[in-house]
Amino acid sequence: MSEAIRYIDVAPGLAWIEIPEADLRIQCGCPMDSIKHLTKRGLVAPRMVQDANGKSWYGETGPNAILLSDVMLQNGEFANLGEFPVLQMLYKQGLILPGHPKNTGAKPLLIGGAEPVNAQMQYIYRGNYGLVSKEEMIAAGATPEEAEQFMRIKLKFAFGAIRPTQDLLEGCLIGEGPTEIRNGVWITRTGLNKFEFRYGKDVANVDLNLSIGQHYASAYPLAFQAVPLDYFSVIHNGDGDGWDVDRPSMSSIVIFHGRIYLCDAGPNLQANLTSLGIGIDQVAGLFHTHAHDDHFAGITTLMRSGRRIEYFATPLVRASVAKKVAALLSIEEARFNEFFKVHNLKAGAWNDIDGLEVKPIHSPHPVETTIFQFRALGPHGYVTYGHYADIASFQVLDGMVTDDPSKPGMEREGVEAVKQAYLEALDVKKIDVGGGMIHGLAKDFAKDPSKRVILSHMARGLTVEEKEIGSAATHGAVDTLIDSYSDFSRHAAYAYLQSYFPNALHHQIRALLNNRIVTFIPGETLLKEGMVPDEALLILNGSVEVISTRRKLYGRLSSGAMVGEITAFRRAPETATYNAGCYVRTLAIPNAAYSEMVRKLNLGERLEKNRALRDFLVTTPIFSEGIPHAKLDAIAESVVRREVPEGEQLGCEDSETLNIIEEGSIQRVMGGLEVDRLGPGDHFGEEASVFGATCLFRMKAVENTVLLRIPGELLADVPIARWKLFEGYLKKVMEVVHSGSKHGLFRWNQAFNIQILEMDIHHKKLLEIANTIMAIIAGDRDAHALEKGFDALLHYTDYHFKAEEALMEQYSYPGINGHRQAHALLTRQVRIYRSETLRLSDFDKVDFKGFFMDWLVKHILSEDMKYSRFLHGKGIF
């Protein structure tokens with residue numbers, strides 16, 4: 001590499017390529033808080049620039065192009081979060097500001113494969129606007145009058161028009177060979193997430209892959225603390241904003257009855273909670289204000305819990321968030337509910353959440369947003385806390401006033417109601433005072449009657465004037481609202497022990513509870529591999545690393561898990577090392593007490609039976625962390641071993657359960673060609689058993705192989721396992737849909753995109769099913785599998801056509817009747833083709849690929865393109 005190309009390795013999954021002669025500065029990779037990493041490395045910095053008339057403008061250095069990851073997720077985390085880098089390019093660098101010397105008319109670039117670029121365009125669109133039409137708002141639960149009002153506010157923030165992302169950014173799609181980016185700079189994909197840049201004779205290589213167990217790095221260190229679990233308190237775990245390089249974005253943790261509720265899920269949530277001694281499985285729920293990345297990017301952390309976490313938001317905020325997740329991952333909106341227990345909150349009213357009352361209040365913002373007021377009944381009446389993220393300043397609110405109901409903005413009465421809600425007297429109130437067009441100002445709260453005001457959401461310290469109005473809160477600071485006289489850790493321990501011993505009597509559980517609580521400091525070893533423990537340790541809070549290089553094991557345990565319980569009972573050496581990942585509190589149960597409980601309940605045989613299976617399962621990527629004890633036991637008890645002799649082919653019915661390879665090797669085949677080989681610890685069958693899809697591949701035993709077969713329904717309420725399986729499933733679908741030609745199958749073409757996200761997802765799903773049918777015809781020609789493939793095609797076709805027609809009806813598409821008739825004809829055609837094909841004894845002359853082209857693809861390219869243009873005119877993409 002010469003000086004013509006400057007390369008900097010910034011952080012895991014994030015690099016910098018700069019070619020000054022070509023005026024290209026490429027941010028390679030786009031994980032959460034990437035702009036903070038670039039700022040810390042000096043690649044983003046303030047500077048003044050002059051225009052042709054000598055006028056000085058504020059600006060910043062930074063990228064003018066982003067290279068996206070090929071995969072949407074890496075090790076469970078979003079890989080492409082371009083919202084803040086794009087904002088930095090457009091506004092802080094001045095690339096979109098009228099008259100700014102950096103605004104040359106050249107749009108910032110999004111570089112990548114067609115799928116990541118399209119997904120990023122949709123995600124940024126949703127990040128800019130949230131719900132984009134009155135019809136979407138009504139579908140989410142707003143009345144027509146509310147939708148009209150919200151749309152006027154949204155259009156005021158959007159300067160009168162909602163613009164597609166393509167107006168702001170330019171896509172550069174990487175083809176199969178070298179692709180020119182701009183000004184003689186070329187890029188070539190050399191492998192998954194691996195790229196070569198070439199400028200003249202100079203070359204640089206970038207690898208965006210994370211290694212196994214590696215995660216995107218936090219931009220700032222956080223000190224370890226041990227926070228208390230109170231009756232009613234607030235922990236301040238974020239007071240910066242999306243640009244603050246030293247602090248997490250504005251967020252809070254509300255503790256009620258020892259239960260932990262999050263207000264928003266900003267970037268680096270895992271590191272944030274770990275620093276406070278909180279494990280993911282301790283989180284009871286999330287209260288979500290809105291979908292901007294500095295309040296949203298950490299949501300994948302909560303999707304990796306051992307159970308579905310409660311999700312609380314108003315219907316409009318929830319719909320906005322679900323659409324953004326769907327855009328990021330190119331999945332259907334409804335899948336959001338697979339990872340959370342969703343609860344719709346009523347705006348403007350007190351909602352009772354197991355005694356904790358919460359009132360969401362609509363707050364003007366570019367996307368659907370609510371502030372939250374919390375209250376709980378104490379000895380002297382109600383005590384209150386307000387979390388006011390991303391509010392509008394009074395100056396901005398006053399500027400929205402209009403008496404013309406046809407124009408963007410608000411009536412004066414509505415503006416005054418918002419101000420009144422902002423200034424309501426509370427015991428503790430945390431306020432966004434970030435300023436500008438979409439944030440609040442401290443001076444508006446100079447006469448706020450609240451007892452304590454905390455000023456937040458800034459990338460700087462408080463001014464002298466601001467300190468007269470409110471105070472700052474350091475990370476981990478606690479406001480106790482109602483004192484606690486209970487030990488909530490022991491309350492939690494009782495529930496955990498009940499899950500271990502469901503048949504135990506009350507007094508038996510209490511006997512185990514009557515033991516000491518031991519706290520371990522960050523990095524301290526709880527139990528070392530090879531040691532025979534004297535006691536079993538029940539984790540009450542925090543997270544514990546599980547390590548065994550001998551067994552290739554690395555995972556995490558959270559609250560409710562037990563360390564050393566089996567080896568303590570058996571008086572055997574421990575098979576892994578357990579280290580505290582933060583401050584960890586445990587209930588230490590002596591061997592004698594634990595063993596006596598096991599004997600009294602006749603659990604010894606069960607423990608021994610499951611021990612070997614559990615020991616193996618936790619070494620596999622799917623079950624290595626976060627699986628509740630009771631669920632892992634249920635999984636181990638459900639396992640059916642199957643021995644597969646060398647050379648045996650596995651049919652689709654064998655993929656109707658999740659298969660973990662215990663011994664041996666399996667060849668994965670598509671269209672008669674080998675895709676890869678799977679070994680011990682690897683899995684297959686999740687597409688059919690967990691996600692209800694058709695089996696994508698044929699399987700063949702390369703040697704004598706032992707499979708552990710697990711019913712997929714057991715994982716329905718285990719988000720962390722589903723999330724890991726989903727990440728792998730997405731990669732496989734990308735292979736089937738976008739690389740089908742390698743295996744003689746049908747390949748998705750960029751021309752098939754109608755640029756309506758939900759419908760493009762449906763079309764790709766139909767193509768995935770079609771490829772499965774073609775693979776069966778080209779491969780083992782399993783008649784049963786072929787019938788199931790056609791059944792799946794018919795079922796999803798019916799589902800897709802109904803969804804498409806509902807969308808047309810929602811927006812009063814004038815061609816809906818003709819489109820319905822076309823759908824009816826297509827349905828009849830595929831039913832006839834199915835019957836004729838399944839009657840054949842020889843599939844040699846079956847041209848399913850040709851049928852599919854004539855049947856659906858031509859319909860997409862003609863009829864679907866017509867309604868897509870109509871919907872684009874209404875802002876629907």
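Here are a few exercises with worked solutions on helices, strands and a pocket.

The model is predicted, so its local features need pLDDT of at least 70 and side-chain atom pairs count only at pLDDT 80 or more, while totals for chains, interfaces and linings use all residues. Residues are numbered from 1 along each chain as its sequence is written, and side-chain values use heavy atoms, with hydrogens and water left out.

**Exercise 1: two helices and their contact**

Task: Find how helix H20 and helix H21 are oriented to each other, and what kinds of residues make their contact.

Solution:
- Start with the terms: helices (H or I, at least four residues) and strands (E, at least two) are DSSP runs, numbered from the N terminus.
- Next, find the pair: H20 covers residues 757-778 and H21 covers residues 783-810.
- Their axes come within 10 Å and cross at roughly 165 degrees. Axes are lines fitted to C-alpha atoms, for helices over the stretch in contact, and angles run from 0 to 180 degrees between N-to-C directions.
- Now apply the classes: angles under 35 degrees count as roughly parallel, over 145 as roughly antiparallel, 65 to 115 as roughly perpendicular and the rest as oblique. H20 and H21 are therefore roughly antiparallel to each other.
- The crossing of H20 and H21 is left-handed, a term for a near helix turned anticlockwise from the far one by less than a right angle (clockwise would be right-handed).
- Finally, the residues of this contact comprise 15 nonpolar, five polar and two charged. Here Ala, Val, Leu, Ile, Met, Phe, Trp, Tyr, Cys and Pro count as nonpolar, Asp, Glu, Lys and Arg as charged, and the others, Gly among them, as polar.

**Exercise 2: two further helix pairs**

Task: Work out the orientation of H3 to H8, then that of H12 to H13.

Solution:
- H3 packs against helix H8 (residues 315-329) at an angle of about 160 degrees, and the axes are 7 Å apart. That makes H3 roughly antiparallel to H8.
- The crossing of H3 and H8 is left-handed.
- For helix H12 (residues 488-500) and helix H13 (residues 506-513), the angle is about 125 degrees and the axes are 10 Å apart. H12 and H13 are therefore oblique to each other.
- The crossing of H12 and H13 is right-handed.

**Exercise 3: hairpins from E11 to E13**

Task: Trace how E11, E12 and E13 pair, and find the turn residues with a positive phi.

Solution:
- Two strands pair if DSSP finds at least two bridges between them.
- Strand E11 (residues 179-182) and strand E12 (residues 185-191) run antiparallel, joined by three bridges. Arg-182 stands opposite Val-185 in E12.
- E11 and E12 form a hairpin with two residues between them, and Asn-183 in the turn has a positive phi of about 55 degrees.
- E12 then pairs with strand E13 (residues 194-199), again in the antiparallel sense, over six bridges. The bridge partner of Val-185 in E13 is Tyr-199.
- E12 and E13 form a hairpin with two residues between them, where Asn-193 in the turn has a positive phi of about 65 degrees.

**Exercise 4: an open sheet**

Task: Give the strand order of the open sheet that contains E29, and name its edge strands.

Solution:
- The four strands follow the order E29-E34-E31-E32, with antiparallel pairing.
- The edge strands, each pairing on one side only, are strand E29 (525-527) and strand E32 (553-557).
- The twist averages 30 degrees from one strand to the next.
- Two bridges join E29 to strand E34 (residues 577-580), with Thr-525 opposite Asn-579 in E34.

**Exercise 5: the second largest pocket**

Task: Describe the lining of the second largest pocket.

Solution:
- A pocket is an open set of points on a 1 Å grid over the protein atoms alone, where a 1.4 Å probe fits, with protein on both sides within 12 Å along at least five of seven lines; lining residues have an atom within 4 Å of a point.
- The second largest pocket is lined by 39 residues, and Leu-87, Tyr-91, Pro-366, Met-437 and Ile-438 lie nearest its centre.
- The largest share of this lining, eight residues, comes from H2.
- By class, the lining has 21 nonpolar, 10 polar and eight charged residues.
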